[in-house]
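Work through the following exercises with the coordinates open, and try each task before reading the solution beneath it.

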Amino acid sequence: MREQFDIVVVGAGPAGIAAAVTAAEAGLRVAVVDDNSAPGGQIWRSGAHLPRAAQHWIARLQRSSVVPLHGRRVFDAPEPNLLCAEPSAFLSALNGSSLGANYDCAELRFTKLILATGARERFLPFPGWTLPNVMGAGALDALVRGGLPIARKRVVVAGTGPLLLAVAAHLARRGARIAAVCEQASFTQIVRFAARLLFEPQKLAQGAGYALAVRSARLRTGCWPVAAHGAGRLRAVTLRQGNNLWDIDCDYLACGFHLVPNIELPALLGCSPAGGFVAVNELLETSVPGIYCAGEPTGIGGVELALLEGEIAACAASGQTARAQNLARRRCRKIPFVRALERACALDPQLRSLPVDDTLVCRCEDVTYAALRARSNWREAKLHTRCGMGPCQGRICGAAAEFLFGWNADSVRPPVFPALVSSLASAGARDESLAAASSHNSKENR
């Protein structure tokens, strides 16, 4: 599959949808690539009760001329203005069905590129964190939306960030018994952030609704899990608040320490970083001309900001500069909220003492905390322990090692995701064909 587009958008969350729709409505040929089976990303997950804004944007996307490439994951950018995308796990599971014709590797050429790759949860290792039923807050929420029975199950929700309260509220509405909501941020941090919400009435109302849904569960600040217990699956969690330690029985622990931007693909393309995010100018163009970035990779700011950034990037990429500049001024007014959220979710240094020597940090390669503590940097750890070299390619342990040891896990190389051998072979065959053509032309010129 080989296609040429004016603009390719990677990611079909709110930012990606807004970017694709805005660019297509300007008369350009646009494709949106996403590894999920339907648009919406993690926040507007298919099958969930979607808010009005989600319904509006998804309907616009479906009415537009955007070419949807769902169930595909970009794994390489072998040359300028070219992406290689292969079927993700969704299409792999359906190989041989009616979608089998789309099982080939796609080569997508573009004039402009908009990266809206979103974010993932940050996990910090502690004793027992690999037990079954210990999972990310967003992961448990997604499983419940997909049909996992949660009614009458005792759930502890812990970590940091606004996702905790949202997940706890959704699980409570599905019948879960929320045993505790534990926020690692201090009471002072939370109060300061709550005061900032007075300038964001929509977010304040949303937060109040979440709090009402979990009113039977006490929100504990300065509190986090230090160990999970069970034989074969989770039975209880040990919590710490100040100098107090206690155990609480539960069936699930939903634990996530805010979000980490997905900047691996931007890094592969040569986009410069800035403070853990992708560096962009006021019109969201990266350090690489013609490549724009929108949504969480530029800063964790929520759905409204992601939608706005998607529009800005699309307007800038499609030549609607005046409109992009007007929207950029609106974006500037939202940046203080992003900064306030960063301060509220700053991790307590005490969390670095969570793992013990035999705690796994890299689950893919079974690398313990003790093995990593003996190393001095990320590269040395990879060479001596294989940390970060498993299927997740450092997406879990890399963020943990950055916090625990101060390492910069910045080694990005293709494939960005684990890829099928057939996809790699296809890319290799293309390279060989180009090399042969180049050699033939060179001989003719001589």
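A residue counts as buried when its relative accessible area is under 20%, and as exposed when that area is over 50%. The structure examined here is a predicted model.

**Exercise 1. Cysteines**

Task: Determine how many disulfides the structure holds, and explain the state of C182.

Solution: Begin with the criterion, which asks for a pair of cysteine sulfur atoms within 2.5 Å. For C182, the closest cysteine sulfur belongs to C223 and lies 3.7 Å away, which is too far for a bond. The side chain is nevertheless not open to the surroundings, because C182 is buried with a relative accessible area of 0%. Next take C332, which is in no disulfide either, its nearest cysteine sulfur being that of C315 at 15 Å. The count for the structure is zero disulfides.

**Exercise 2. Nonpolar cores**

Task: Identify the residues that touch the most other members of the largest nonpolar core, and list the contacts of L239.

Solution: The largest core has 41 residues, and those touching the most other members are F126, V156, L239, L253 and L351. Helix α13, which covers residues 397–405, supplies the largest share of this core, namely five residues. Then turn to L239, setting aside its neighbours within four places in sequence: its contacts are V156, A180, C182, C223, W224, P225, N244, L245, W246 and I248. The cysteines C182 and C223 from the previous exercise are thus among the residues that L239 contacts. Finally, a second and separate core holds 38 residues, including I7, V30, W44 and L284.

**Exercise 3. The partners of β6**

Task: Establish which strands pair with β6, and in which sense each of them does so.

Solution: Start with strand β1 (residues 2–10), which pairs with β6 in the parallel sense over eight bridges, and where V8 stands opposite L113. Strand β5 (residues 82–87) pairs with β6 in the antiparallel sense over four bridges, with A85 standing opposite A106. Strand β19 (residues 291–293) runs parallel to β6 and is joined to it by three bridges, with L113 opposite I291. As a last step, consider the surroundings of β6 itself, which spans residues 106–115 and is mostly covered, seven of its ten residues being buried.

**Exercise 4. An open sheet**

Task: Give the strand order of the five-stranded open sheet and explain what sets its edges apart.

Solution: The order is β8-β15-β9-β10-β11, and the pairing is parallel. The edge positions are held by β8 (134–135) and β11 (219–221), each with a single partner strand, so one side of each is left without a neighbour in the sheet. Inside the order, β9 (residues 154–160) and β15 (residues 252–257) pair over six bridges, and G159 stands opposite G256. Helix α4 (residues 137–145) packs on the sheet, where it touches β8, β9 and β15, and its direction makes about 130 degrees with that of β15.

**Exercise 5. Helix α9**

Task: Compare the span of α9 with the expected value, and decide whether the helix is mostly covered or mostly uncovered.

Solution: Helix α9 runs over residues 303–317 and has 15 residues, and its first and last C-alpha atoms are 21 Å apart, close to the 21 Å expected at 1.5 Å a residue. As to its surroundings, 13 of the 15 residues are buried, and α9 is therefore mostly covered. After the helix comes G319, with a positive phi near 85 degrees.

Note on methods
Residues are numbered from 1 along each chain as its sequence is written. This is a predicted model: local features need pLDDT of at least 70, side-chain atom pairs count only at pLDDT 80 or more; totals for chains, interfaces and linings use all residues. Side-chain values use heavy atoms; hydrogens and water are left out. A nonpolar core is a set of buried Ala, Val, Leu, Ile, Met, Phe, Trp, Tyr and Cys residues joined through side-chain atoms within 4.5 Å. Buried means under 20% relative accessible area, exposed over 50%, partly exposed in between (1.4 Å probe, protein chains only). Helices (H or I, at least four residues) and strands (E, at least two) are DSSP runs, numbered from the N terminus. Contact means heavy atoms within 4.5 Å. The expected span of a helix is 1.5 Å times one less than its number of residues. Two strands pair if DSSP finds at least two bridges between them. Axes are lines fitted to C-alpha atoms, for helices over the stretch in contact, and angles run from 0 to 180 degrees between N-to-C directions.
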